[in-house]
Protein chains: 2
Amino acid sequence: MAVNQRVQAAIQELHSDGPAAASAGSLATASTAAAGSPSAAPSAGEAQSAPAGRAKIEKMSAEVKDDNPYSRLMALQRMGIVKDYEKIREKRVAIVGVGGVGSVAAEMLTRCGVGSLLLYDYDKVELANMNRLFFRPEQSGMTKTEAAKQTLVNINPDVDIEAFHFNISTLKGFDEFVKTITGPDGASRCDLILSCVDNYEARMSINQACLELGQTWMESGVSEDAVSGHIQVVRPGKTACFECVPPLVVASGIDEKTLKREGVCAASLPTTMGMVAGMLIQNSLKYLLRFGTVTPYLGYSALKDFFPTMQIHPNPQCNNPLCMQRQAEYRRKVELEGPSDAEDEPEEDSGPLHEDNEWNIEVEGDDEEGAAGEGAAAGPAAPAAPAAAALPEGIEYSLPTAEKVDAAKLEAEGVVTTEGETVDDLAAQLAALSQ
Amino acid sequence: MAVNQRVQAAIQELHSDGPAAASAGSLATASTAAAGSPSAAPSAGEAQSAPAGRAKIEKMSAEVKDDNPYSRLMALQRMGIVKDYEKIREKRVAIVGVGGVGSVAAEMLTRCGVGSLLLYDYDKVELANMNRLFFRPEQSGMTKTEAAKQTLVNINPDVDIEAFHFNISTLKGFDEFVKTITGPDGASRCDLILSCVDNYEARMSINQACLELGQTWMESGVSEDAVSGHIQVVRPGKTACFECVPPLVVASGIDEKTLKREGVCAASLPTTMGMVAGMLIQNSLKYLLRFGTVTPYLGYSALKDFFPTMQIHPNPQCNNPLCMQRQAEYRRKVELEGPSDAEDEPEEDSGPLHEDNEWNIEVEGDDEEGAAGEGAAAGPAAPAAPAAAALPEGIEYSLPTAEKVDAAKLEAEGVVTTEGETVDDLAAQLAALSQ
């Protein structure tokens with residue numbers, strides 16, 4: 001039998017073990033000399049089969065040795081960047097959507113040694129995905145979650161990986177999603193949820209689940225023309241939720257939520273996808289390990305290498321009653337305890353919005369000009385910039401296309417930009433979609 | 001035999017085939033149903049053994065099919081981003097350094113379907129590299145170039161990959177490097193050279209080779225503390241060469257050129273490395289396929305998500321005589337033909353520098369304040385901002401540490417920042433190193 005066929009057969013066999021046998025635990029056998037781990041001895045038998053990776057490592061070491069996969073990460077402590085890097089092993093992150101952004105995000109967290117990963121996707125790997133990082137041609141036909149798990153467990157057997165192959169936007173899928181991210185105490189068992197999906201419905205589902213659990217999540221998106229993208233942090237009650245404002249995208253691109261329309265093939269690039277994954281996981285590491293500044297919204301426009309940032313405050317007239325409830329809870333909390341997480345949001349200002357700045361968006365980095373709400377007393381009368389000025393250069397509203405509106409047509413009619421369209425119109429359309 | 005062992009044996013066997021058998025041509029056998037290629041039929045025999053990838057594809061197709069790996073790239077044409085995407089198949093790119101940045105850069109170009117790649121590295125894969133993307137634990141011990149080639153040929157057999165395992169900074173290695181990037185006509189056979197190395201000597205070698213051949217290259221770097229990085233375009237005669245100005249790095253980090261000092265383990269993150277690779281290859285795609293704006297210098301500071309840009313003009317007192325010659329040639333060319341490549345450098349201004357702005361650095365995006373040289377007539381008396389103002393926020397000079405100066409000590413003495421150190425001092429130190 002040719003080597004080619006032998007490798008394929010072996011991969012087939014591994015794959016056919018199925019989700020149960022392929023848990024992170026059973027796959028972790030030793031093959032390469034690894035940094036002194038007590039669990040390095042491989043067990044015999046088919047059930048212990050694994051790709052040729054490395055053995056599990058009990059405790060992260062800062063020792064500078066060629067065979068220590070954590071030396072360069074633990075060095076972050078010595079360099080004064082992170083106080084306690086090993087805390088990453090206690091973190092559980094859910095990634096919804098294991099495509100061009102989600103798969104690379106999962107690999108980055110895996111290589112960083114995150115404690116556990118929950119992966120959600122209902123799609124299969126295709127050769128048409130090969131223009132982005134991560135998946136390999138021989139994984140075509142596998143589910144994205146199982147293919148990802150196969151690769152990730154091999155890269156770092158210390159990470160506990162749970163793969164869920166279903167659509168979180170169906171009624172049943174949503175219930176299952178909420179169930180799998182909820183712990184026995186009824187609270188979220190995740191430290192962070194990352195949205196790496198390509199459609200509006202899935203983002204709304206994640207938003208709803210996270211509002212229910214009071215769970216912080218980060219949204220990401222890449223434009224259909226492949227040359228812009230963004231990430232956004234959503235903290236229930238504290239920042240805008242996904243329903244508070246119309247989705248914001250960078251520059252001329254419309255968001256990838258239109259990607260799945262039949263017969264339409266959106267463009268994509270491994271560069272843009274990799275950049276957005278990098279932005280997302282860098283922000284996640286800063287959030288999880290408490291270093292640097294967590295950026296509330298970061299855009300990326302590839303054609304000009306332009307990276308706009310801003311803050312988006314919650315909308316006190318949000319259509320989602322759960323968001324309204326979380327906002328009230330957060331206001332109460334701030335009254336009692338003062339603003340929390342001051343280190344990642346240095347400019348704490350949650351004053352309700354002025355009628356001229358309906359979405360309460362605050363452009364960052366405009367200190368000299370006195371950005372919206374900056375330095376103003378928190379309260380209903382806090383001054384704010386007009387809506388037109390509130391969006392930073394290169395950022396525009398994007399309409400959800402859940403109702404199969406043709407994006408090109410919308411753009412032709414000027415709907416994608418805010419020109420010729422009031423924010424009230426956008427709000428009405430958003431409300432109609434939310435029903 | 002357990003599956004684990006079988007996979008290992010198969011990989012071993014593949015690896016032991018060696019560089020000769022593992023050429024892009026012989027590895028391209030079919031296993032997955034691929035988009036109608038005439039070469040899809042696998043040949044029998046061990047010599048044709050390959051990882052289970054896909055067959056070669058004769059011509060890029062824009063057809064929207066699940067098994068077309070180029071559909072999402074060719075869509076860039078339909079979206080109006082790139083005029084002729086297929087031109088990428090005519091491009092040859094050399095990547096020097098296949099580490100945290102170079103390996104990801106190579107994978108991005110491979111997935112984009114670049115014509116051919118030359119990979120240079122003298123290092124081996126270690127488990128200590130596993131905190132960055134690309135390499136897998138089972139590749140430990142392989143040379144980085146062969147491991148990279150193994151992975152890349154499997155991902156995209158259409159890319160012609162040449163792997164060179166030697167140090168370009170030795171006398172013999174430098175000659176070999178120049179020889180392998182030179183065509184039969186004595187000119188460069190590359191369209192672009194990417195520096196993804198971690199030391200000063202290798203950057204100086206690339207600079208020298210590219211000055212000799214008049215070859216455009218892009219420099220990249222990641223700081224030792226893992227939280228900042230940069231890319232820079234070097235066009236012989238037109239922009240500063242690597243010897244024209246002291247190396248510039250972003251924010252507080254010192255460049256990774258100190259990484260190789262014995263006993264010192266620099267920190268690194270897959271996020272930062274991935275971001276810099278994304279910035280580098282996005283800029284490369286814009287340069288190779290002529291779309292968007294090629295960014296002359298782009299920095300990245302992860303802690304605050306800050307991305308400074310600038311232009312660096314050549315130094316008319318550069319220590320490198322070849323650079324002086326290329327500058328003279330470029331001036332002559334501009335006199336005869338006018339400035340070329342106007343589309344990627346909208347603000348053409350190559351006026352020699354003023355004594356107050358010795359390095360002739362131009363901060364970008366400061367239109368309102370009248371950036372250095374902007375709108376001024378090209379000529380010896382072109383006004384320029386003082387040196388202190390010429391560096392954008394967060395950018396600082398970094399001293400090469402080729403002479404084994406301890407970086408921490410330098411930093412403690414304030415040498416890394418420009419405070420308490422004049423540019424003349426830096427120039428003198430640089431000159432001393434260049435001898």
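## Exercises on a predicted model

In chain A, pLDDT (the predictor's confidence in each residue, from 0 to 100) stays under 50 over residues 251-262. The model has 39 contacts for this stretch beyond four places in sequence; two residues are in contact if their C-beta atoms, placed from the backbone, lie within 7 Å. Residues are numbered from 1 along each chain as its sequence is written, while chains are lettered from A and ligands numbered from 1 in the order in which they are written. This is a predicted model: local features need pLDDT of at least 70, side-chain atom pairs count only at pLDDT 80 or more, and totals for chains, interfaces and linings use all residues.

**Exercise 1. Find another stretch of chain A with pLDDT below 50, and put it beside the chain average.**

Step 1. Residues 399-427 of chain A have a pLDDT below 50. The model gives this stretch 41 contacts beyond near neighbours in sequence.

Step 2. Chain A averages a pLDDT of 75, and 63% of the residues score at least 70.

Step 3. Where pLDDT is low, the predicted coordinates should not be read in detail.

Step 4. For the model, ipTM is 0.75 and pTM is 0.75.

**Exercise 2. Describe how helices H7 and H8 of chain A pack.**

Step 1. Locate them. H7 covers residues 171-181 of chain A, and H8 covers residues 200-213. Helices (H or I, at least four residues) and strands (E, at least two) are DSSP runs, numbered from the N terminus.

Step 2. Take the geometry. The angle is about 45°, and the axes are 11 Å apart. Axes are lines fitted to C-alpha atoms, for helices over the stretch in contact; angles run from 0 to 180 degrees between N-to-C directions.

Step 3. Classify the angle. Under 35 degrees counts as roughly parallel, over 145 as roughly antiparallel, 65 to 115 as roughly perpendicular and the rest as oblique. H7(A) and H8(A) are therefore oblique to each other.

Step 4. List the contact. H7(A) brings Phe174(A), Phe177(A), Val178(A) and Ile181(A). H8(A) brings Ser205(A), Ala209(A), Glu212(A) and Leu213(A).

**Exercise 3. Is Arg136(A) buried or exposed?**

Step 1. Place Arg136(A). This residue lies in the loop between strand S2 (116-120) and helix H6 (144-155) of chain A.

Step 2. Apply the rule. Buried means 20 or more other C-beta atoms within 10 Å of the residue's own, exposed 12 or fewer, and partly exposed in between; C-beta atoms are placed from the backbone. Arg136(A) has 22 within 10 Å, so Arg136(A) is buried.

Step 3. Check its partners. Leaving aside neighbours within four places in sequence, Arg136(A) is in contact with Asn154(B) and Ile155(B).
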